[in-house]
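Biologist: I'd like to talk through this model before I go back to the bench. Can you take my questions one at a time?

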Amino acid sequence: MKSSLSFLLIAFLSIAGFAQTGIAVPEMAACDNLVNNFLTQFGIPGATFAMAKNGKLVYMRAFGDANLAKTEDTQPYHMFRIASVSKPITSIAVMKLVQEGQLSLSDKVFGPGGRLANHPYLSTVTYSDTRINDITLQQLLEHTAGWNRDLDCVPFPNPPYTWSIAYCDPIAFPLYVTQKFGETNPIREEVLIRFLMENGLDFTPGTQYAYSNVGYLVIGEIIESVTGKSYEDYIKDEILTPLGIYDMYIGHNLLKDKMEREGEYFGNGFTAPSIYNTGQNVPWEYGGWNLEAMDAHGGWIATARDLVRLLVAVDGFSTKPDILNAASITAMTTPSSVQANYAKGWQVNSANNWWHTGGLDGTASEWVRSSGGYTWAIILNKRVINSNVSAFSAALDNLPWNCLGQTTTWPTHDLFDFPSQNGKDFVFTSQGTTSLKVSWTNGNGSKRILVGREEGRVNAFPLDGEDYTANATFGQETDLGNGCFVLYNGPGSDEIITGLTEGKKYHFRLFDYNKSPNSGNHALYQLAHSPQDSATTATNTSIEDLADLGIRFYPNPFSENVHISLPSTQVCTHIELHNMQGQHCAKNEYHRYRTGHLHRRSAYADLHDFLLRRRRLPRQRAAAKAVRFFS
C-alpha cells in the first residue's frame with residue numbers, strides 16, 4: 001500500500017511540475033505520465049520524445065524546461081545535442097557511399113593507397129606503429145581498429161581531468177594535445193586523430209572491440225575526402241534534405257552561438273579549462289570540450305521528430321521507402337566478428353533491434369528501431385553521472401518500452417505529414433504610410449501563415465496542432481509571443497497589412513503548413529528555412545524639411561519633369577509626390593537620372609539625381625506639398 005501511494009504522489013507531482021507540449025494523443029496518455037515520472041525521479045529539466053509505428057509518426061511530445069532560466073517550455077520543435085547517436089548517422093552516410101560504389105568496407109585508411117593517403121594534414125603525420133596501415137573502414141565502424149580509450153596515455157596526473165572516464169580519448173584533454181603539437185585552439189578533428197596515430201595502437205586491428213570516438217572522426221575525414229564536401233554538408237545535402245529533414249546540424253560549443261530553436265543544457269557542476277585557452281575554467285557543457293570537433297562521432301543536434309524521420313528511411317521495413325537497399329541495411333546491422341552486440345555504428349541484439357545511446361554533460365539520448373515496427377527517439381537536456389547512473393540508464397532504456405506496453409489502442413494519424421518547403425521571395429509594395437502589400441512565392445504546404453513583428457526579427461513559432469486566427473490589421477489578432485502577430489492564414493500568396501506606423505521597420509516571416517485527415521486534422525508547420533525579410537513603411541516629408549535633409553527638389557511649382565537630388569546617406573526604394581490637395585502628383589520606382597539614362601534601383605552614389613514623371617492632374621502646375629520616401 002505504501003508503494004502504491006508513493007507512486008501516485010510522484011505522478012501527481014510530476015504532472016504538476018512539468019509542462020507538457022505538443023499534440024496530445026489520448027490513446028498514449030500513459031506515455032506522458034511515464035515521461036513525467038522519469039524526469040521527476042532523476043531531476044531532468046526537459047525532454048523531447050517522438051515515436052513512429054509502422055512508418056507513421058504517432059507521438060511527438062515535449063516536457064519541462066528548454067532553457068537554463070526555466071522561462072521557456074520545451075517544445076517538440078526544440079533541437080538538442082544527441083552526442084553519440086551521431087555515430088549511426090555517420091554509418092548511414094558510409095553505407096550510402098558503399099552502395100554507390102564510392103567506398104568499400106574493406107578499404108584501407110592510412111598509408112600508401114589508403115583513403116587518406118593524400119589528406120593535406122594526416123598524410124604528413126609520422127607514426128611508428130605500422131599496424132595503422134592495416135586499419136580498414138569496416139574496423140573503424142565496428143570499433144575494432146586498435147585504439148582503446150580506457151587505457152591511460154597522458155603523462156600528467158588526473159587533476160584537473162578527474163571528471164574524465166576516458167584517459168586515452170583526446171577529446172577529454174584538448175589543450176594538452178594542441179600544446180604537444182604546437183597547434184591552435186580550439187582543437188581540430190585531424191589533430192585529435194594525429195594524437196592517436198602517433199601514440200600507436202593498443203591491439204592488432206580486427207582482433208578486439210574497444211569503443212573509439214576518434215575512430216569515427218577518421219570516418220568523417222574519409223567522407224570529406226571522397227565527396228569533396230564537408231562532413232556536415234554531405235549528410236545534409238545527400239541524406240537529410242532529400243528526406244525533408246532540416247532540423248539537424250552540427251552544434252556549437254558556446255551558449256551564445258546556439259542555433260535558433262536549440263534548447264539549452266544543464267550540467268552537473270563540472271568545469272574544465274576552456275578549449276579556447278583563455279586560462280579560465282568553464283562549464284564542461286559550454287566550452288569544456290569541443291563539440292564542433294566531435295562532428296562524426298558526437299556533434300549533431302536534432303529534433304526527436306527528425307531523428308525518427310531519418311530512422312524510418314533506413315529501418316528495413318516496407319512501410320516507408322528506404323534510402324538504403326536491403327543488402328546495405330543488412331551489412332550495416334550485422335555485428336562484428338568480435339562483438340555480438342555492436343554492428344557498424346549500431347548496437348544490436350538477437351531480437352533484431354538496433355539502437356544507439358548518447359551522453360555528454362547536459363545531454364542524454366537514445367535512438368531505437370525495434371523489430372516490431374516501432375521506432376523512436378528521446379532526447380534529454382541533462383544526464384545523470386553520479387552513483388545513480390546505472391539506474392538512470394536502465395530507466396531511460398525502459399521508458400519507451402513501457403510506453404509501448406501501456407498503449408493498447410494506437411492512433412492512425414501520421415504527424416510526418418508536414419510540408420517539405422516553405423514559401424520564399426518576399427516582395428513589399430507600399431500602400432501608403434501605414435499599409436504594405438506583402439507578396440511571396442508559395443511553398444508546398446496546403447496553407448501558410450504570415451507572421452509580422454515591429455522593429456525586431458520574428459522569433460516566435462506556430463505550434464503543431466494549433467489553428468491561428470489572422471488579422472491583416474497589425475497587432476489586432478493572435479500574438480505567438482514577443483509581439484509576433486499572425487497577419488495572414490490561408491492558401492494565397494499575398495496580403496495587404498494595415499495599421500502600421502509611418503517610418504517603422506517591420507519584419508515578416510512565412511510558415512507553410514498542412515492539415516488533412518491523414519494528419520488527424522492537426523495543423524503541421526514547417527519551421528525550418530522559413531523566409532524572413534523586412535520593410536520600412538513610408539514617411540511623409542514636407543518640402544520645407546527637404547533642405548535640412550540635404551535634399552534638393554526642383555522645379556516647384558513643377559512642370560512635366562521633376563528632379564530630386566539625394567545625398568549619399570539617403571537610401572530609399574520608392575518616391576511619391578503629393579500636391580496641396582493630397583493627390584499623387586508623381587510616383588516612380590527608384591530611378592537614377594544620369595547622362596540622359598534611367599537606371600533602376602541604384603542604391604548608393606555620391607549624389608543621386610532622380611527624375612519622376614508628373615501625373616496629369618487638373619491643376620497642371622500645382623505646387624508640391626510633400627515627398628514620400630520608402631526605404
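What follows is a short run of questions and answers on this model.

Modeller: Ground rules: this is a predicted model, where local features need pLDDT of at least 70, side-chain atom pairs count only at pLDDT 80 or more, and totals for chains, interfaces and linings use all residues. Residues are numbered from 1 along each chain as its sequence is written, and side-chain values use heavy atoms, with hydrogens and water left out.

Biologist: How many helices and strands does the protein chain have?

Modeller: Helices (H or I, at least four residues) and strands (E, at least two) are DSSP runs, numbered from the N terminus. On that basis, the secondary structure of the protein chain comes to 14 helices and 29 strands.

Biologist: What share of the protein chain's residues is buried?

Modeller: Buried means under 20% relative accessible area, exposed over 50%, and partly exposed in between (1.4 Å probe, protein chains only). Among the 631 residues of the protein chain, the buried share is 55%.

Biologist: Which helix gives the most to the largest nonpolar core?

Modeller: A nonpolar core is a set of buried Ala, Val, Leu, Ile, Met, Phe, Trp, Tyr and Cys residues joined through side-chain atoms within 4.5 Å. The largest one has 100 residues, and F110, L307, L310 and W367 have the most contacts inside it. Its top contributor, with seven residues, is helix α7 (residues 213–227).

Biologist: And how many residues are in the other core, the one with F63 and Y374?

Modeller: That core lies apart from the largest one, and F392 and C403 are also among its residues. Its size is 30 residues.

Biologist: Why is helix α11 described as largely enclosed?

Modeller: Helix α11 spans residues 304–311. The buried residues there are A304, R305, D306, L307, V308, R309, L310 and L311. Helix α11 is largely enclosed by the rest of the structure because its buried residues number eight of eight.

Biologist: Which residue of β11 is the bridge partner of T357?

Modeller: Two strands pair if DSSP finds at least two bridges between them. Strand β10 (residues 354–360), mostly covered with five of its seven residues buried, is joined to strand β11 (residues 363–369) by seven antiparallel bridges. In β11, T357 is partnered by E366.

Biologist: Which residue takes a positive phi in the hairpin of β9 and β10?

Modeller: Strand β9 (residues 347–348) runs antiparallel to β10, with two bridges joining them, and V348 has W354 as its bridge partner. Five residues sit between the strands of this hairpin, and the one with a positive phi near 65 degrees is N352.

Biologist: What is the strand order in the open sheet of three strands?

Modeller: The pairing in this sheet is antiparallel. Its edge strands, each pairing on one side only, are β13 (424–430) and β17 (494–497). Strand β14 (residues 436–441) pairs with β17 over four bridges. The order is therefore β13-β14-β17.

Biologist: Is S519 buried or exposed?

Modeller: S519 is in the loop between β18 (505–514) and β19 (524–525). A polar atom of its side chain lies 2.9 Å from the backbone oxygen of H522. The relative accessibility of S519 is 0%, so this residue counts as buried.

Biologist: What distance separates the C-alpha atoms of A145 and Q208?

Modeller: A145 is in the loop between α4 (137–142) and α5 (174–181), and it counts as buried at 6% relative accessibility. Along the chain, A145 and Q208 are 63 residues apart. Their C-alpha separation is 8.2 Å.

Technical notes: Polar contact = N/O pair within 3.5 Å; in protein donor to acceptor, adjacent residues only side chain to side chain.
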